[in-house]
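Colleague: Got a minute to walk through this model with me? I'd like to go through it piece by piece.

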Amino acid sequence: MALIETDRLILRDFTLDDAAFVLNLVNEPSWLENIGDKNVHNLQDAEDYILNGPMKSYQENGYGLYMAELKLKSVPVGMCGLVKRDFFVEPDVGFAFLPEYWGLGFASESAKAVLEFARDELSIDRVLGITNIDNRGSMRVLEKIGLKYDKIVDLPGYQEQSRLFIPK
Ligand SMILES: CC(C)(COP(=O)(O)OP(=O)(O)OC[C@H]1O[C@@H](n2cnc3c(N)ncnc32)[C@H](O)[C@@H]1OP(=O)(O)O)[C@@H](O)C(=O)NCCC(=O)NCCS
């Protein structure tokens, strides 16, 4: 089980009890625009998403997306972790937070901790970053945690082009 602690956040494995939070987060306009429609319309869909997404990845890869909570209050604020794609050898770092928690440095704080976790606990030195072509916030987060823009890529299954970030 992953438990990553930062100054202000805890990143932990998802459980099915997080379904209500997931239902909310994955239907945020910013998620739909920048990550895509996961077709999660009710609590059962959200449980299925958790089972077939993060939990399946914990089993198959030993890592995945984690639930991000405020450390002091255990309030869920977003998710951050590692995503394994079929078309890349290395995982990429993923993050999304509820809009009311943007601009507080949570994405960069958690993504930096995930890179350290990958290196120290999983022995994964090379973690990538993938963003929509115009997702300035996400690009800035990736730069802040030490990745650099590499090139525009056409990823299988994605209609629009993406930007690939690699370690410096
Ligand atoms: C992208 C996202 C994760 C940023 O979260 P956040 O917690 O607000 O990010 P941080 O506070 O750590 O900000 C890091 C840097 O990015 C900048 N930034 C954040 N959002 C930005 C935006 N929309 N445009 C330009 N810069 C932005 C911040 O100013 C900060 O830079 P600075 O330290 O030089 O001032 C958040 O907007 C989000 O959840 N979006 C929807 C999901 C998503 O797009 N995920 C990424 C998929 S690849």
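Modeller: Sure. Let's start with Glu69, which lies in strand 3. Keep in mind that this is a predicted model.

Colleague: Is Glu69 buried or exposed?

Modeller: Glu69 counts as buried because its relative accessibility is 11%, and the cut-off for buried is under 20%.

Colleague: What does Glu69 touch, leaving out residues up to four places away in sequence?

Modeller: On one side of the sequence, Arg8, Leu9, Ile10 and Arg12. Glu69 also touches Ser74, Val75, Pro76 and Val77.

Colleague: And Lys71, where is that found?

Modeller: In the loop between strand 3 and strand 4. Lys71 counts as partly exposed, at 28% relative accessibility.

Colleague: Which residues is Lys71 in contact with, beyond its neighbours within four places in sequence?

Modeller: Glu5, Thr6, Asp7, Arg8, Leu9 and Ile10. There is a polar contact too: the Lys71 side chain reaches the backbone oxygen of Asp7 at 3.3 Å.

Colleague: How many residues apart in sequence are Lys71 and Leu11?

Modeller: They are 60 residues apart. In space, their C-alpha atoms are 9.0 Å apart.

Colleague: Switching to helices. How many residues has helix 3, and what is its reach?

Modeller: Helix 3 covers residues 43-61, so to speak 19 residues. From first C-alpha to last it reaches 26 Å, close to the 27 Å expected at 1.5 Å a residue.

Colleague: Where is the kink in helix 3 centred?

Modeller: On Met55. The kink in helix 3 is about 35°.

Colleague: Which residues of helix 3 are buried?

Modeller: Ala46, Tyr49, Ile50, Pro54, Ser57 and Tyr58. For background, an α-helix has 3.6 residues a turn, so residues three or four places apart point the same way.

Colleague: What covers the buried residues of helix 3?

Modeller: The cover includes strand 2 (9-12), helix 1 (19-25) and helix 2 (29-34). It also includes strand 3 (65-70) and strand 4 (76-83).

Colleague: Take Ser57. What is its relative accessible area?

Modeller: Ser57 has 12%, so it is buried. Setting aside residues up to four places away in sequence, Ser57 touches Gly62, Tyr63 and Gly64.

Colleague: What happens at the two ends of helix 3?

Modeller: At the start, a side-chain oxygen of Asn42 reaches to within 3.1 Å of the backbone nitrogen of Gln44. After the helix comes Gly62, with a positive phi near 85°.

Colleague: Which residue in the loop between helix 2 and helix 3 caught your eye?

Modeller: Asn39 lies there. Asn39 is not a glycine, yet its phi is positive, about 55°. Most residues other than glycine have a negative phi.

Colleague: Is Asn39 buried or partly exposed?

Modeller: Asn39 counts as partly exposed, at 49% relative accessibility.

Colleague: On to helix 4. What is its reach?

Modeller: Helix 4 spans residues 106-121 and has 16 residues. It reaches 21 Å between its first and last C-alpha, close to the 22 Å expected at 1.5 Å a residue.

Colleague: Which residues of helix 4 are buried?

Modeller: The run Phe106, Ala107, Ser108, Glu109, Ser110 and Ala111 is buried. So are Ala113, Val114, Leu115, Phe117 and Ala118.

Colleague: What comes just after helix 4?

Modeller: Ser123, with a positive phi of about 55°. Ser123 sits in the loop between helix 4 and strand 6 (129-132). With a relative accessible area of 62%, Ser123 is exposed.

Colleague: Now the ligand. How many residues surround the ligand?

Modeller: 21 residues. The closest are Phe95, Gly103, Gly105, Ser108 and Lys144.

Colleague: Which polar contacts does the ligand make?

Modeller: One of them pairs a ligand nitrogen with a polar backbone atom of Phe95, at 2.7 Å. A backbone N or O atom of Gly105 is 2.7 Å from a ligand oxygen. Asn135 uses its side chain: a polar atom there lies 2.8 Å from a ligand oxygen.

Colleague: Last one. Which residues does the UniProt domain annotation cover?

Modeller: The unreviewed UniProt entry annotates residues 9-167 as "domain: N-acetyltransferase". In the model, that span is 36% helix and 26% strand. Its end C-alpha atoms lie 24 Å apart.

Terms used. Residues numbered from 1 in each chain as written. Predicted model: local features only at pLDDT ≥ 70, side-chain atom pairs only at ≥ 80, totals over all residues. Heavy atoms only, no water. Helix = DSSP H or I, 4+ residues; strand = E, 2+ residues; numbered from the N terminus. Expected span 1.5 Å × (residues − 1). Bend = angle between axes of the 7 residues up to and from the residue. Buried < 20%, exposed > 50% of the residue type's maximum accessible area, 1.4 Å probe, protein only. Contact = heavy atoms within 4.5 Å. Polar contact = N/O pair within 3.5 Å; in protein donor to acceptor, adjacent residues only side chain to side chain. UniProt positions renumbered as here; feature names shortened; annotations may be inferred. Near = heavy atom within 4 Å.
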